[in-house]
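These notebook entries record what I looked up, chain by chain and then residue by residue.

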Amino acid sequence: MNVHKLWEYKEYVNVNGKILSNELISLLQNSLTLLQVENHFAYVQYWGQFHAVDTDYHIAVGMNKDAISDRKYFYTTDFKFWGLLPKAKKKYKHLSLLTTFPFRGDPSLKIKILDEALEENNPDRCQFMKEENRIAATISNICEEAEICSRGQLIKHPDSTVVINPNYYGLTASEAKLTKSYLHIRPPQHRWNTNLLTRPDYNYSMDFLDSIDQDIPNGCWNLSLEQNGSIVYLKSLYWPGMMFFHKVRTPESGFLYVGNGRKNLDVPFLL
Amino acid sequence: MSQTFMLEPEIIAAAANVLPDLNNDLVLAKNFLKQQSGATGDTLYDHMVDVVHKILSQKPPDVVDNFEQYSWQVKQEKFRPNFDLLNDIYLAPSQLALIRRMDEMFRLVASKSQRMEDVGEEEQELDLEEDSLRPRIADIIEHNYYFRECGYGLSEQECYAVYIALNMLAIKEPVATIRFFGKIFGTKANYYVAETDLTIEELDRRIREFEMKDMPGEGEGGEEDRAQEIEEQKEMMGEGEAKEEKPKEPVPPKLPPIPESTWQPPPIIPVERPGQGVNKKTYYVCNQPGEPWVCLPDVIPHQIRVARLSVRCMTGDLDAEVITYPPFEGTERNYLRAQLARIQAATSVSPQGFYTFGSGEEEEDIDLEEGAGDMAFNPNPFYQGHTLKDLVDSNLTYWVHHGRHILKQGRTIWWNPNAGLDEAVEEEEDEGLQPMEPESGPSLFTPLSEDGRLEGQNAWSARVSSTLVPDKAVAYLRSNIWPGAVAYSTTGKKSECMYVGLGLKYQPPNFSPLQLPRPQEEYAIGPEVMEMADPTFADEEAYRIAHLPPPPPVLQGEGEGEGLPEEEEEED
């Protein structure tokens, strides 16, 4: 969520039992604003935390022009130095889903991972992965599956850049209760006209992303209305600790992940 | 201004020979713009007027870049057909239902405190004996403040509402102490959970109810009934076979005996008494603060065992059915209660010395025999507090459990299944109940350093809430096994634990359900039941020849004619 609005959003973040303490917000605002200035980012957002054994990682996102493809992720353990995370490679994304050990807290630690799906003699069976790459891969996995925005928040210009909508008025109360009004922030995986055809009021500039109600299984997104129905919270069961909130009829919304970075594979059993 | 523009018909009527006129073009252009669109009845002219009007009145930044969006929004706002001929009813804001409930709650609590004030000070002294009537409610506002420092806890609005709701619980239900246990998320609604101790009268009443239910002898009486049933069945079968043999005409083939099930259900482990062991505390839940609190029933050991083997998300509806394997008897309220029991047993921690047995005086002998394992513990009035460094030590020696460990049986106090089945043992030799060793778990107040490590990580992670202001910092523990459970302790005398989460245990790498048991053998394996190949023709012939009756003895007086054929036969 937008770093400059953390103080206002402080009260909305409380869904998973995790809230941001005053000290944390102060430190974040200071160091992220400095980061923004150094890198000339248009927007800087606080993405979330990973709990590790020794210390916790804090992650931030910097965005320039394009809200989907022009993102850079940074991590820190002590708020003084933000390290740029490498771009996640496919191999690491696959491996990070296999590791069950928690994060250690040391970004340069190398872990050895055994991929049991491959046969014995395959040289790729046992691989090394640095923790930094693992963090980048986990973030990339989470963003692909769980990072969402409400419909209309991101719009696509005719020259196909995607920007945050400056005139966004928020969802209406009835729209907010449907999971169809929330879209994944990722290069769309469904056909371009899938979403357009399902809505009566389709809009070419807003409906270019996948909506979350196509996710399998059907109940894996948990939508709840809190505070007398004026705030909508969305939680994913696949990534426990992930939270998205949206204040109805206003442009306020935010995403936060706080957890240990493991995907929950038991979702079919839970429902 | 309108006088300078002439209407179209007039222009056409006027003269076709008139030179092209700026006025003319302008009018034509304007008329084109004023063409009504078939779909919406809107004209471009009106629309542009509206857009410019809106831009000038609102002055948004950088409109030229977002002009399309803006124009679209103007259109959206305009389209409001007024087909509604009925009077507008007043639509209350959607929060109304909730607000009404909260209002009721506030009034109730306010009136109670009003009454306390009215009673006056002198009479309050007389009320000292009845002090137990006023339940002690844990100060969650203060605890929440500390939790927020650590990064956990509830939002302030929620916290206050829950606090008032706890007050309401104290007024309405017979409880002696209340503690806020936490919040459990569900797919449709959340649960707020309060952990309470019942008043002594209420507890006695429930124990009496419990024992009365127990009188008809669930464990042993049940078995006797079953044995009777089996005997009756045998008699029935005996008669059936006898009847079959009487009508001789169509002789039915002799059937192998009907298979009888030799499976005996495992002995039912009895529930712990209310007020003891797992059922020491009573839990109340509600979906929203303001709703009436619902009491959760006591938990049965079998439910805990099933809950350990399954994984399920709460839905928020207490009567939802729970479909798991092994089958769970009960609805969601029983399942929720079982999970609460597990969470409480595993995650109730406090700094060492915070609680103590007895009244906190110098060491008393702690008997860990049957009855005494359930001794009550109280906050220690002599607790001094530990330093921050000790509390955050990753060995976790300074924190102890104050929740009783649940044994594999599902109880906290071991129950010996052999005790009640003396008669049955003599009858059935197959069952051979081996003398079981009593299960034992870690005793109360074991330090957390004894907790098993999970995947190279401690069961709890310790952190300090603040690095900038170490004097005011609070130490907190985060559970890695039950994600969502936290406990904090200041360097002074405060400590509390709380759970906010889905109610799921951390199971790396993931959960596998219990396998179905193998199908049982129906018939005892024997030659009647075993499959064998049918004999071939050659086999049957050989059988017949081998079993032919011996040839009749040759009669002497019959003549040689017959002897000859015999000889001939023998020669063959």
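**Entry 1. Chain B overall.** I began with burial in chain B: of its 572 residues, 33% are buried. The model I am reading is a predicted one. I then listed the secondary structure of chain B and found 16 helices and 13 strands. For chain B I also looked up the contacts with a sequence separation of 6 or more; 65% of them join residues 24 or more positions apart. The exposed area of chain B is about 37,900 Å², with 54% of it supplied by carbon and sulfur atoms.

**Entry 2. Chain A overall.** I turned to chain A, in which seven helices and 14 strands are assigned. Its radius of gyration is 19 Å, close to the 18 Å expected from the globule rule for 271 residues, so chain A is as compact as a globular protein of that length. I noted the box filled by the C-alpha atoms of chain A along the principal axes as roughly 55 × 45 × 40 Å. Buried residues account for 56% of the 271 residues in chain A. Taking contacts in chain A between residues at least 6 apart in sequence, I find that 56% link residues at least 24 apart. Chain A exposes about 12,100 Å², and 54% of this comes from carbon and sulfur atoms. I looked up the charges too: chain A carries 30 positive and 30 negative side chains. The centres of these two sets are 2 Å apart.

**Entry 3. His58(A).** Is His58(A) buried or exposed? I find a relative accessibility of 8% for His58(A), and because the cut-off for buried is under 20%, His58(A) counts as buried. His58(A) belongs to strand β2 of chain A, which spans residues 56–63. What does the side chain of His58(A) make a polar contact with? The partner is the side chain of Tyr46(A), at 2.9 Å. Setting aside residues up to four places away in sequence, I recorded that His58(A) touches Leu24(A), Tyr46(A), Gly48(A), Gln49(A), Phe74(A), Tyr75(A), Thr76(A), Phe79(A) and Trp82(A).

**Entry 4. Positive phi in chain A.** I checked two residues of chain A for their backbone angles. His40(A) is not a glycine, yet its phi is positive, at about 55°. I placed His40(A) in the loop between α2 (22–39) and β1 (43–51). With a relative accessible area of 64%, His40(A) is exposed. Arg249(A), also a residue other than glycine, has a positive phi near 65°. Its loop runs between β13 (242–247) and β14 (253–259) of chain A. Arg249(A) is exposed, at 58% relative accessible area.

**Entry 5. Lys494(B).** Back in chain B, I located Lys494(B) in the loop between β12 (485–489) and β13 (495–501). Lys494(B) has a relative accessible area of 29% and is partly exposed. Which side chain does a polar contact of 3.0 Å join to that of Lys494(B)? It is the side chain of Glu142(B). Beyond residues up to four places away in sequence, Lys494(B) touches Glu142(B), Tyr146(B), Phe354(B), Tyr488(B) and Ser489(B). I also looked up the separation from Ile178(B), which is 316 residues from Lys494(B) along the chain; the C-alpha atoms of the two are 17 Å apart.

**Entry 6. Asn480(B).** I found Asn480(B) in the loop between β11 (475–479) and β12 of chain B. Its relative accessibility is 13%, and Asn480(B) counts as buried. A polar contact of 3.0 Å links the side chain of Asn480(B) to that of Ser461(B). Apart from neighbours within four places in sequence, Asn480(B) is in contact with Gln457(B), Asn458(B), Ala459(B), Trp460(B), Ser461(B) and Tyr506(B).

**Entry 7. Asp451(B).** My last residue, Asp451(B), is in the loop between α14 (422–427) and β10 (460–464) of chain B. At 22% relative accessibility I recorded Asp451(B) as partly exposed. Leaving out neighbours within four places in sequence, I list His401(B), Ala459(B) and Trp460(B) as the contacts of Asp451(B). From Asp451(B) to His401(B) the C-alpha distance is 9.7 Å, with their positions 50 residues apart in sequence.

Methods
Residues are numbered from 1 along each chain as its sequence is written. Chains are lettered from A and ligands numbered from 1 in the order in which they are written. This is a predicted model: local features need pLDDT of at least 70, side-chain atom pairs count only at pLDDT 80 or more; totals for chains, interfaces and linings use all residues. Side-chain values use heavy atoms; hydrogens and water are left out. Helices (H or I, at least four residues) and strands (E, at least two) are DSSP runs, numbered from the N terminus. Buried means under 20% relative accessible area, exposed over 50%, partly exposed in between (1.4 Å probe, protein chains only). A polar contact is a pair of N or O atoms within 3.5 Å; within protein, one must be able to donate a hydrogen and the other to accept it, and residues adjacent in sequence count only if both atoms are side-chain atoms. Contact means heavy atoms within 4.5 Å. The radius of gyration is taken over C-alpha atoms; the globule rule is 2.2 Å times the number of residues to the power 0.38. Accessible areas come from the Shrake-Rupley method with a 1.4 Å probe; for residues, only the protein chains shown count as cover. Lys and Arg count as positive and Asp and Glu as negative; His and the chain ends are not counted. The place of a charge is taken as NZ of Lys, CZ of Arg, CG of Asp or CD of Glu.
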